[in-house]
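Got your viewer open and a selection box ready? Please load the model below and follow along, one selection at a time.

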Amino acid sequence: MSDGSIRPDAESEAELAFEGALRPKSLAEFVGQRKVRGQLQLLLQAASMQNRTPDHILLAGPPGLGKTTLAMIVAHESGRPLRMTSGPAIQHAGDLAAVLSALVPGEILFVDEIHRMARSAEEMLYLAMEDFRIDIMVGKGAGATSIPLDLAPFTLVGATTRAGLLPNPLRDRFGFTAHLEFYETAELEQVLDRAAALLDLEVDSSALSMIAGRSRGTPRIANRLLRRVRDYALVHRTSAGLEAVDAALELYDVDGLGLDRLDRAVMQCILTRFDGGPVGLNTLAVSVGEEAETIESVVEPFLVRTGLLTRTPRGRVATPSGWEHFGLARREASVPAALFGDRL
Ligand SMILES: Nc1ncnc2c1ncn2[C@@H]1O[C@H](COP(=O)(O)OP(=O)(O)OP(=O)(O)O)[C@@H](O)[C@H]1O
Ligand SMILES: [Mg+2]
C-alpha cells in the first residue's frame, strides 16, 4: 500500500535505513512488552548457562510491533550470528534445504512471515527443528531415494502476523511463542523520546504524548509520525510542538484515536453499508477493496483493541463506541421478518 498513508509497509530504502537506525539493540533498550522480555531473558540465560543453542522462538503479532527487532536482539544478546530469510523466499523444500545446510553451528535463523512458506518446506522444517536433520530427496519416481543430512544445531526464530495460519505440528515445535501486544501510550512516549534523541530532534513532551496517543499502539507508526512532524516543523519553520503535530496528523489522515484511512474505511463500511454488522470477513474485504488477510491481521486487531469492533461467530459487529466515534446514531438491529415466520 503505497498510498501515502502512515501505514507501516511502504518499505522504501530511506524508510528501512531510518528503521535500522532506531532499532533497539538489546533487551534492556527494548521498550514495553515486559512479559515477553522477561520470558526471552530467561530462555536465553538458561541456554547460555548450559552452553547450548536457545530453544526455537515464534514471534507473533501485528506489523510494526517489534518482531524483526526482537529477532536481532536474540542474536545480539546470545552472541550468535544471525541469518535472515522469509517465508515467501522459500517456495520449495530445496530452497529451505539450501539455507539449512549452510548454517554454521549455533546460528540463529530468522524466518520472517513464516506462515507463507511452501507446505513441502514446512514438513522439512519439522524434522530440522526437532532433530537437526533433513532428508534430501534425490531422483524421481521408483528410483527416488532420500539422503539424510545432519545439520549444525541452530535456533529458529520465526515471525508471523498470522499465528493461526501455522499448522499445529510447526507451532508445537517452537519452545516458546511470544505474542506481542499493541503498546500503551506511555510506552510509545518512551519509544518516541528515544527516537527523538537519536535523531537529534527537539520535540516538546506534550507533542510527544500527542503523537504517542495517535500511533495505533505501534512503535513503527510512532517513529514514522515523528518524522512527518519533523518535516512539518522544518518546512514551516516552526517548533515541533502541538500545533505541528496536529497539522501533520491531519495532513496524513490520522484521526483522534489514531485510526488511519483504511481503519476508517472498514468501520464506515460496517456502519453504513451493513447497519453495524454482523458482516463476514470476505464480504468486508471485497467491500473496501482490500485483502482479507490485511483486514484480519492489521486492521481488525487494532479496532478490536480500541473497542470499536467486536468479533462474533456470525461476523464483525460495530460496538456502541464504534457508532459514537463516527458520529452516527445507532439504528435498531433490523431483524429479517423471515426469522419469525408466521408469528409476525
Ligand atoms: N519495543 C520497541 N522499542 C523501541 N522501538 C521499537 C520497539 N518495537 C519496535 N520498535 C521500532 O519499530 C520499528 C519496527 O519494528 P520491527 O521492524 O521489529 O516490526 P515487525 O514486528 O518486524 O514488523 P513487520 O511485521 O512489518 O515485519 C523498528 O524500526 C524499531 O525501531
Ligand atoms: Mg519485521
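We'll go from the domains to the ligand, then into the strands, and finish with some backbone oddities and annotated arginines.

**Stop 1: the domains**

Keep in mind that this is a predicted model. Colour the protein chain by domain: domain 1 covers 33–179, domain 2 covers 185–251 and domain 3 covers 261–343. If you drop a pseudoatom on the C-alpha centres of domain 1 and domain 3, the two sit 37 Å apart.

**Stop 2: ligand 1**

Now select ligand 1. Which domains give residues to the shell around ligand 1? Domain 1 and domain 2 both do, so the ligand lies between them. The shell has 20 residues, and the ones that come nearest are P63, G66, K67, T68 and T69. Three elements give two or more residues to that shell: α1 (13–22), α3 (67–78) and α9 (219–235). Colour the shell by residue type and you get eight nonpolar, eight polar and four charged residues.

**Stop 3: strands β1, β6, β7 and β3**

Hide the ligand and select strand β1, residues 57–60. Side chains in a regular strand alternate between the two faces of the sheet. In β1, I57 and L59 are on one side, L58 and A60 are on the other, and all of them are buried, so both faces are covered.

Next, add the partners. Strand β6 (residues 155–160) pairs with β1 in the parallel sense over four bridges. For a landmark, click L59 and look across to A159 in β6, which stands opposite. Strand β7 (residues 176–179) also runs parallel to β1, again joined by four bridges. Here the pair to pick is I57 and F176, with F176 in β7.

Stay with β6 for a moment. How many of the six residues of β6 are buried? Six of six, so β6 counts as mostly covered. T155, V157 and A159 are buried on one side, while L156, G158 and T160 are buried on the other. Then bring in strand β3 (residues 108–112), which runs parallel to β6 and is joined to it by four bridges. G158 in β6 is the bridge partner of V111.

**Stop 4: backbone oddities**

Time for some torsions. Most residues other than glycine have a negative phi, and most peptide bonds are trans. Here are some exceptions to click on.

- Q33: phi is positive, about 50°, although this residue is not a glycine. Q33 is in the loop between α1 and α2 (34–49). With 21 C-beta neighbours inside 10 Å, Q33 counts as buried, because the cut-off is 20 or more.
- R237: phi is near 50°, another positive value in a residue other than glycine. Look for R237 in the loop between α9 and α10 (242–251). R237 is exposed because it has 6 other C-beta atoms within 10 Å, and 12 or fewer is the limit for that label.
- G277 and P278: a cis peptide bond joins them, with omega at about 5°. P278 lies in the loop between α11 (261–273) and α12 (281–288).

**Stop 5: the annotated arginines**

Keep P278 on screen and add R311 and R316. In an unreviewed entry, UniProt places the feature "binding site" at both of these arginines.

R311 is in strand β8 (residues 309–312), and R316 is in strand β9 (residues 315–318). Buried or partly exposed: what is R311? R311 is partly exposed, because its 16 other C-beta atoms within 10 Å fall between the two cut-offs of 12 and 20. R316, by contrast, is buried, because 27 other C-beta atoms lie within 10 Å.

Finally, display their contacts, leaving aside neighbours within four places in sequence. R311 is in contact with V304 and R316. For R316, the contacts are I270, G277, P278, V279, L284, L309 and R311. So the list for R316 takes in G277 and P278, the two residues joined by the cis peptide bond from the previous stop.

Definitions and conventions
Residues numbered from 1 in each chain as written. Chains lettered and ligands numbered in written order. Predicted model: local features only at pLDDT ≥ 70, side-chain atom pairs only at ≥ 80, totals over all residues. UniProt positions renumbered as here; feature names shortened; annotations may be inferred. Contact = placed C-beta atoms within 7 Å. Near = placed C-beta within 6 Å. Nonpolar A, V, L, I, M, F, W, Y, C, P; charged D, E, K, R; others polar. Domains from an automatic or database assignment. Pairing = 2+ DSSP bridges.
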